[in-house]
Amino acid sequence: MTRLWLIYSLLVTAAAAQRQRPEFPPDIFDTRPVALDPSHFRMVFENDHVKVIRVRLGPREKSMVMEVPAHVMTCITDHRVRVIYAHAKPVERSEKAGYTGWVEREEYGLENLEDKPVEWILVVPNAEGKSG
């Protein structure tokens with residue numbers, strides 16, 4: 001019985017230490033938007049099938065240019081942004097809140113051209129997900 005309490009207390013202590021561990025910078029090989037630009041991209045849900053990412057740009061803010069996986073995008077707010085492509089000229093885009101569309105994988109960053117925050121949700125299919 002004493003051994004069980006010892007093992008239990010070690011597990012509880014290890015779990016508490018894990019929660020208190022400071023966050024380290026992302027792995028340099030981690031190319032996910034959430035790891036590269038966490039101030040603008042936040043994971044809100046993830047399972048074997050999808051990743052759901054909330055994107056928020058403050059007034060006149062820019063995200064970094066990075067590879068963004070193919071996804072379904074749904075606008076939470078009306079927005080007017082400049083899409084800054086890694087290998088092409090920038091393009092301005094405007095969408096109304098509620099717009100939903102498919103976006104192919106591409107390297108780009110975003111610039112909010114508004115004086116108010118803009119937000120949208122990305123639903124990224126998980127290539128390693130299980131079907132059925």
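Start with the whole chain in view: its secondary structure comes to 2 helices and 9 strands. The model is a predicted one. Reading from the N terminus, the elements run α-α-β-β-β-β-β-β-β-β-β. Of the 132 residues, 28% count as buried. The chain exposes about 9400 Å², and carbon and sulfur atoms supply 57% of that area. Among contacts between residues at least 6 apart in sequence, 67% join residues at least 24 apart.

**Stop 1: the sheet of five strands**

Select β1, β2, β9, β4 and β7. These 5 strands form an open sheet in the order β1-β2-β9-β4-β7, with antiparallel pairing. At the edges are β1 (41-46) and β7 (100-103), each of which pairs on one side only. Neighbouring strands here are turned by 25° against each other on average, direction ignored. As a general point, strands of a sheet pair through backbone hydrogen bonds, either parallel or antiparallel.

Next, select β9, residues 118-125. Is this strand mostly covered or mostly uncovered? It is mostly covered, since 6 of its 8 residues are buried. On one pairing, 8 bridges join β9 to strand β2 (residues 50-57), and the two run antiparallel. Show Val52 in β2 and look across to β9: the bridge partner of Val52 is Val123. On another pairing, β4 and β9 are joined by 4 bridges and also run antiparallel. Here Val72 stands opposite Val123 in β9.

Keep Val72 selected and turn to β7. Strand β4 (residues 71-75) pairs with β7 in the antiparallel sense over 4 bridges. Which residue of β7 is the bridge partner of Val72? That partner is Trp102. Val72 can therefore be shown with Val123 in β9 and with Trp102 in β7.

**Stop 2: His71**

Select His71, which is found in strand β4. His71 has a relative accessible area of 1%, so it is buried, the cut-off for buried being under 20%. The side chain of His71 reaches the backbone oxygen of Pro69 at 2.7 Å. Now show what surrounds His71. Not counting residues up to four places away in sequence, His71 touches Gly101, Trp102, Val103, Tyr108, Leu122, Val123, Val124 and Pro125. Tyr108, one of the residues that His71 touches, comes up again at the aromatic pair.

**Stop 3: the sheet of four strands**

Select β3, β8, β5 and β6. These 4 strands form an open sheet in the order β3-β8-β5-β6, and the pairing is antiparallel. The edge strands are β3 (66-68) and β6 (91-95), each pairing on one side only. On average, neighbouring strands of this sheet are turned by 50° against each other, direction ignored.

Zoom in on β3 and strand β8 (residues 106-112), which pair in the antiparallel sense over 3 bridges. Show Glu67 and find its bridge partner in β8, which is Glu107.

**Stop 4: the aromatic pair**

How many aromatic pairs does a search of the whole structure find? The search finds 1. Select Tyr85 and Tyr108: the ring centres are 6.3 Å apart and the planes stand at 65°, so the pair is edge-to-face. The pair links distant parts of the chain, with Tyr85 in strand β5 (residues 79-85) and Tyr108 in strand β8, 23 residues apart. Tyr85 has 21% relative accessibility and therefore counts as partly exposed. Tyr108 has a relative accessible area of 10%, so it is buried.

**Stop 5: Arg60**

Select Arg60, found in the loop between β2 and β3. Look at its backbone: Arg60 has a positive phi of about 60° although it is not a glycine. Most residues other than glycine have a negative phi. Is Arg60 buried or partly exposed? Its relative accessibility is 46%, so Arg60 counts as partly exposed.

**Stop 6: Asn126**

Finish with Asn126, in the segment after β9. Its side chain reaches the backbone oxygen of Asp48 at 3.5 Å. Leaving aside neighbours within four places in sequence, Asn126 is in contact with Asn47, Asp48, His49, Val50 and Lys51. Show these residues together with Asn126 to see the last stop of the tour.

Conventions: Residues numbered from 1 in each chain as written. Predicted model: local features only at pLDDT ≥ 70, side-chain atom pairs only at ≥ 80, totals over all residues. Heavy atoms only, no water. Pairing = 2+ DSSP bridges. Axes fitted to C-alpha atoms, helices over the stretch in contact; angles between N-to-C directions. Buried < 20%, exposed > 50% of the residue type's maximum accessible area, 1.4 Å probe, protein only. Phe/Tyr/Trp six-rings, centres within 6.5 Å; stacked < 30°, edge-to-face > 60°. Contact = heavy atoms within 4.5 Å. Areas by Shrake-Rupley, 256 points an atom, 1.4 Å probe, with all protein chains shown as cover. Polar contact = N/O pair within 3.5 Å; in protein donor to acceptor, adjacent residues only side chain to side chain.
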